[in-house]
Amino acid sequence: MERLYDISAVCRELCITSRTLRHWEEKGIVESTKTSFKNRRQYSEKQIDSIKKVVFLRSIGIPITDILEWQRSGENIKIFIEKRRSRLLSLIERKMSEYERLTDAYMSLCDGNDIFEKDKSFEVPDGEQLKIAKKCTEAFLCGDLSLCTTYFSNKMKDYMPLCVFERIREDTLRPLGAYMGDYTIEADRKNTNIVYARITYEKLGLCIKYVFSQNILHGLWFNYFGDKENQIEEAL
């Protein structure tokens, strides 16, 4: 007969509370074996191993909803972690860019300038990069990702092979709703090697950040924007 461990022993061993464990079970990311003795929760060694994984994933900031999705998908843990890492890096870059723009505006005001005057120093990036960004955006919309990869650097091709790119696209599009038939292509105001595509969907907007070296893509980042932006950032 398989040995079972009482909830109190499991909580003591893993340094978590019984309330946390019950909450995780309610959310569906852990399971228990209830016995006839006062209907008390007990756990097999296999169930405890699963709980240990959840404890670790929560310790590095993975939300419960994402853990549940990973469990159900059966996705390789390395790919799962790398995708989340990329999303967080994209968010950090966006926040840093926002901070830099705010700092520039503040310093301009301190110098007595009118920040609402048109910035004449803005440089337009290479026209070919804008064309490539447009081609890649249209290919992304219709699912022809192989066209996008033709512009990838060798490092990008190693980092994001077509099969991984397809999974990332699928996961990225899941919360957006229907495509509303509208997108814009625009250059970064400071970095002439960066181009943004902003795509309108039913529930949220999607921003694709293209990072070029000459006319080769060395970086590709995805970020949501729209009315629910703050909720999305917290979930990331």
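This report describes the fold, a small sheet and selected salt bridges of a predicted model.

The chain has 236 residues, of which 37% are buried. Its secondary structure comprises 10 helices and 7 strands. Of the contacts with a separation of 6 or more, 53% join residues 24 or more positions apart. The exposed area of the chain is about 15,100 Å², and carbon and sulfur atoms supply 51% of that area.

An open sheet is formed by 3 strands in the order β1-β3-β2, with antiparallel pairing. Because β1 (5–6) and β2 (33–34) each have a single partner strand, they stand at the edges, and one side of each is left without a neighbour in the sheet. Strand β3 (residues 41–43) pairs with β2 over 2 bridges, and Q42 in β3 stands opposite T33.

The structure holds 11 salt bridges. The table lists three of them with the separation of the closest N and O atoms.

| Basic residue | Acidic residue | Closest N and O atoms |
|---|---|---|
| R40 | D6 | 2.6 Å |
| R41 | E25 | 2.8 Å |
| R174 | D171 | 3.1 Å |

The pair of R40 and D6 links distant parts of the chain: R40 lies in the loop between β2 and β3 and D6 in strand β1, 34 residues apart. R40 is partly exposed, at 34% relative accessibility. R41 belongs to strand β3 and E25 to helix α2 (residues 18–27), so their salt bridge ties together parts that are 16 residues apart in sequence. R41 counts as buried because its relative accessibility is 18%, under the 20% limit.

R174 is partly exposed, with a relative accessible area of 46%, and D171 is likewise partly exposed at 23%. Salt bridges that share partners join these two residues with E69, E75, K83 and E170 into one network.

Conventions. Residues are numbered from 1 along each chain as its sequence is written. This is a predicted model: local features need pLDDT of at least 70, side-chain atom pairs count only at pLDDT 80 or more; totals for chains, interfaces and linings use all residues. Side-chain values use heavy atoms; hydrogens and water are left out. Two strands pair if DSSP finds at least two bridges between them. Helices (H or I, at least four residues) and strands (E, at least two) are DSSP runs, numbered from the N terminus. Buried means under 20% relative accessible area, exposed over 50%, partly exposed in between (1.4 Å probe, protein chains only). Contact means heavy atoms within 4.5 Å. Accessible areas come from the Shrake-Rupley method with a 1.4 Å probe; for residues, only the protein chains shown count as cover. A salt bridge is a side-chain nitrogen of Lys or Arg within 4 Å of a carboxyl oxygen of Asp or Glu.
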